[in-house]
Amino acid sequence: MSFEASVLTLYPDMFPGTLGQALAGKALKSGAWSLDITQIRDFATDRHRSVDDTPAGGGAGMVLRPDILARAIDHVSPADDDRPRLLMSPRGKPLTQEMVRNLATGPGAVIVCGRFEGVDERVIGARQLTEVSIGDYVLSGGEVAAQVLLDAIVRLLPGVMGNAVSGQTESFETGLLEHPHYTRPSEWEGRTVPDVLTSGNHAKIEAWRREQAEHLTRERRPDLWQARARKKPPSHG
Ligand code: ADE
């Protein structure tokens, strides 16, 4: 069974978007994963097909109604669906490579794209939606975030990534940022490729790459560096 993604959105034309191109697009065409898109508005019941209403207690913005969203979710993901149900939201748990890896080994995901000020809290509880954030900034809606999440998942699906080794040495899989990369020409605008990389000495190259990765991680991501130090106590002797 391939990974089954279902996306619920008020902007279905935003899909497949980036997911229809390059690696994810090829994987979609080859059947490594599937994507179905549902227009939440199709589950509205009034003449105007309205999906939102003013916030209880007052305040700015509009809130997505629980009854309409629940009908859309129940249509796509009945009670016995074993896929996790996610709600893209800046309030969510920050997305990590570990979460991506876990999702990629599962049957798929049902992804609700939030819009407006938010989603009525009751539907989040009643339909077990796990809120996921792609970072500490606010997008105009969850659609781009859903594409980010699915892109990260799809590249890990079996048979999708051509060069499996690159997946194991890249940033976040090792807890280190990736070392710098170089290719031809060996000199460009007066800048040269580091000698070690053309030395042919693989042990030396490995050591250099590791040093660079550690240096970059310490400089740019002290949080990752600290987390690594806590996980892996320094070896003695
Ligand atoms: N919707 C709006 N902002 C978001 C974010 N940072 N992550 C996920 N979904 C969002």
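Trainee: What makes helix 7 and helix 8 count as being in contact in this predicted model?

Mentor: Contact means heavy atoms within 4.5 Å. By that cut-off, Arg-210, Glu-214, Thr-217, Arg-218, Glu-219 and Arg-220 of helix 7 meet Pro-222, Leu-224, Trp-225 and Arg-228 of helix 8, so the two helices are in contact. By class, 3 nonpolar, 1 polar and 6 charged residues take part.

Trainee: How do the axes of helix 7 and helix 8 cross?

Mentor: Helix 7 spans residues 202-220 and helix 8 spans residues 222-231. Their axes come within 5 Å and cross at roughly 115°.

Trainee: Which residues surround the ligand?

Mentor: They are Met-88, Ser-89, Pro-90, Val-132, Ser-133, Ile-134, Gly-135, Tyr-137, Val-138, Leu-139, Gly-141 and Ala-145.

Trainee: Why is the approach of Tyr-137 to the ligand called a polar contact?

Mentor: A polar contact is a pair of N or O atoms within 3.5 Å. A polar backbone atom of Tyr-137 is 2.8 Å from a nitrogen atom of the ligand, so the pair qualifies. For Gly-135, a polar backbone atom is 3.1 Å from a ligand nitrogen, so this pair qualifies too. For Ile-134, a backbone N or O atom lies 3.0 Å from a nitrogen of the ligand, which therefore also meets the cut-off.

Trainee: How much of the accessible area of the ligand does the protein cover?

Mentor: The ligand on its own has 260 Å² of accessible area, and the protein covers 97% of that.

Trainee: What is notable about the peptide bonds before Pro-16 and Pro-185?

Mentor: The bond from Phe-15 to Pro-16 is cis, with omega near 0°, and so is the bond from Arg-184 to Pro-185. Most peptide bonds are trans. Pro-16 sits in the loop between strand 1 (3-9) and helix 1 (22-30). Pro-185 is in the loop between helix 6 (164-169) and strand 9 (187-188).

Trainee: What makes Ala-22 stand out?

Mentor: Most residues other than glycine have a negative phi. Ala-22, which is not a glycine, has a positive phi of about 50°. Its place is in helix 1.

Trainee: How is the protein divided into domains?

Mentor: Domain 1 covers 3-154 and domain 2 covers 169-231. Taken over C-alpha atoms, their centres are separated by 36 Å.

Key: Residues are numbered from 1 along each chain as its sequence is written. This is a predicted model: local features need pLDDT of at least 70, side-chain atom pairs count only at pLDDT 80 or more; totals for chains, interfaces and linings use all residues. Side-chain values use heavy atoms; hydrogens and water are left out. Axes are lines fitted to C-alpha atoms, for helices over the stretch in contact, and angles run from 0 to 180 degrees between N-to-C directions. Helices (H or I, at least four residues) and strands (E, at least two) are DSSP runs, numbered from the N terminus. Ala, Val, Leu, Ile, Met, Phe, Trp, Tyr, Cys and Pro count as nonpolar, Asp, Glu, Lys and Arg as charged, and the others, Gly among them, as polar. A residue is near a molecule or strand if one of its heavy atoms lies within 4 Å of it. A polar contact is a pair of N or O atoms within 3.5 Å; within protein, one must be able to donate a hydrogen and the other to accept it, and residues adjacent in sequence count only if both atoms are side-chain atoms. Accessible areas come from the Shrake-Rupley method with a 1.4 Å probe; for residues, only the protein chains shown count as cover. Domain bounds come from an automatic or database domain assignment.
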